Amino acid sequence: MKNTNHYAILMAGGIGSRFWPVSTTQYPKQFQDILGVGSTLIQATFHRLAKLMPSENIIILTHKDYKETVKEQLPQVKDDQIVLEPEMRNTAPSILLGALKIKKKNKDALILVAPSDHWIQGDTAFQENIEEAFQIVASEDKLITLGIEPTFPNTGYGYIQYKKDDAEGAKPVLKFTEKPSFKKAETFIEEGNYVWNAGIFIWSAAFIVESFQKYHPETFRLFEKGSEFYNTEKELEFLEENYHKAQNVSIDYAIMEKSDSVYVIPAKFKWNDLGTWKSLEDELPQDENQNTMVNGRLLPLNSTGNIIKTQNNKVVVLDGLNDFVVVEDDRVLLITPKKNIQEIKALREKAIEKFGEDLG
């Protein structure tokens, strides 16, 4: 029997511009089958969460432009489970809005906050970690985050330092560090009490609302004004009038880095935030020449270390191409050296500038 006090906020409002040209403003990466596995990222995430709670307790926070896409990809979701942000305002405002809506429905609610565009393998381990966190926050005022045991000194992730002790379970957080240098990341791994910040949170609705009141009162006051309208037909009107006034701030900066009640559970499941096309190499098999192919058939001639994503199982012939990204969608063919993978966002902007907004 699933616990009816368990709820989830599924964050689905981002653009994922580093996965351009497949991920665009009109059709961002959470609605794409980036890995070619037969389901989109939001579908995979929703089904994973639905094993932990009644599916009607999962609310999806997304930009107003994506309402129809959400309904198309998750037909089991009712309209009142889709919360539409009039503007993009980072994670803190949307999480507070979701928490206030859930708390109004159920004052005893426990909430899991999860990004919709990450890739997780090891559903059993994930469920065990979440259940453990729910048990803790049911009786204690704690803000829990899941940290991923680092496998190498990745400079693209944030890190969480926790207090070293022999106790199992949630550990007090000492410090959050944004993307470190390689040398610093190496030190973190050697020290052994650092984990990657996965952006997955668990807390009671009451305590996260209280934490906003204490640490980000301006945001709390703005959204608390709408309490009488939440979960009614007047909610959208309130948000249209007020959402743009919210400060553009992340939940880490607004709450997690300020609160003295933050704990981390070092998680055991395999996780990838799918930040760039390079992530495909970490998650998918490669041929004998270290080429990674998605949705196509590859003939590599003197070609190694490439990442290729095409459409309709197309045959791709590469001759003398090494360490490139080759990505095709209906309107754009992108070919760029892998070493420039972090520049794809800038390439997208240049293409939009020259050929028009509809490319982005």
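## Buried rings: F31 and Y66

A residue counts as buried when its relative accessible area is under 20%. By that yardstick, F31 and Y66 are both buried. Please keep in mind as you read on that this is a predicted model.

How many aromatic pairs does the structure hold? There are 13 aromatic pairs. F31 and Y66 form one of them, with an edge-to-face arrangement: their centres are 5.6 Å apart and the angle between the planes is 65°. The two rings come from distant parts of the chain, 35 residues apart. F31 belongs to the loop between β1 (6–11) and α1 (41–49), while Y66 belongs to the loop between β2 (58–63) and α2 (67–73).

## A tilted pair and an aromatic cluster

Y159 and F188 give us another pair to look at. Their ring centres are 5.3 Å apart and their planes meet at 55°, so this pair is tilted. The reasoning is simple: an angle over 60 degrees would count as edge-to-face, and one under 30 degrees as stacked. Y159 is in strand β7 (residues 159–162) and F188 is in helix α5 (residues 182–191), so the pair ties together parts that are 29 residues apart in sequence. Both Y159 and F188 are buried.

Aromatic residues also gather in a group here. F152, Y157, W196 and W271 make up one aromatic cluster.

## Strand β6 and its neighbours

Now let us turn to the strands. In β6 (residues 143–148), six of the six residues are buried. Cover is found on both faces: L143, T145 and G147 are buried on one side, and I144, L146 and I148 on the other.

Which strands pair with β6? Strand β10 (residues 262–267) runs parallel to β6 and is joined to it by six bridges. Within this pairing, L143 has V262 of β10 as its bridge partner. Strand β9 (residues 194–204) runs antiparallel to β6, with four bridges between them. There, T145 stands opposite F201 of β9.

## Strand β10, seen from its own side

Is β10 buried or exposed? Six of the six residues of β10 are buried, so the strand is largely enclosed by the rest of the structure. On one face the buried residues are V262, V264 and P266, and on the other they are Y263, I265 and A267.

Besides its bridges to β6, β10 is joined by two bridges to β8, and those two strands run antiparallel. K171 stands opposite V264 of β10. Strand β8 covers residues 171–177 and includes F176. F176 has a relative accessible area of 16%, and because the cut-off is under 20%, F176 counts as buried. The C-alpha atom of F176 is separated by 35 Å from that of V326, a residue 150 positions away along the chain.

## Lysines over rings

Two lysines sit over tyrosine rings. K142 lies over the face of Y263, at 4.2 Å from the ring centre. Y263 is also one of the buried residues of β10. In the other case, the charged end of K258 is placed over the ring of Y253, 4.3 Å from its centre.

## A nonpolar patch at the surface

L299, L301, V315 and V317 make a nonpolar surface patch of about 330 Å². Strands β12 (292–301) and β13 (307–319) each supply at least two of the patch residues. L299 is found in β12. With a relative accessible area of 42%, L299 is partly exposed, because that class lies between 20% and 50%.

## Backbone details to check

A few backbone features are worth finding in your viewer. W20 and P21 are joined by a cis peptide bond, with omega at about 5°. P21 is in the loop between β1 and α1.

N231 is not a glycine, yet its phi is positive, at about 65°. This residue lies in the loop between α7 (217–224) and α8 (235–242), and its relative accessibility of 33% makes N231 partly exposed. Q290, another residue other than glycine, has a positive phi near 60°. Q290 sits in the loop between α10 (279–283) and β12, and at 44% relative accessibility Q290 counts as partly exposed.

Technical notes
Residues are numbered from 1 along each chain as its sequence is written. This is a predicted model: local features need pLDDT of at least 70, side-chain atom pairs count only at pLDDT 80 or more; totals for chains, interfaces and linings use all residues. Side-chain values use heavy atoms; hydrogens and water are left out. Buried means under 20% relative accessible area, exposed over 50%, partly exposed in between (1.4 Å probe, protein chains only). Two strands pair if DSSP finds at least two bridges between them. Patches are made of residues with over 30% relative accessible area and no salt bridge: like charges are joined within 9 Å, nonpolar side chains (Val, Leu, Ile, Met, Phe, Trp, Tyr) within 5 Å. Accessible areas come from the Shrake-Rupley method with a 1.4 Å probe; for residues, only the protein chains shown count as cover. A salt bridge is a side-chain nitrogen of Lys or Arg within 4 Å of a carboxyl oxygen of Asp or Glu. Rings of Phe, Tyr and Trp (its six-membered ring) pair if their centres lie within 6.5 Å; planes under 30 degrees apart count as stacked, over 60 as edge-to-face and the rest as tilted. A charge sits over a ring if NZ of Lys or CZ of Arg is within 6 Å of the ring centre and within 35 degrees of the ring normal.
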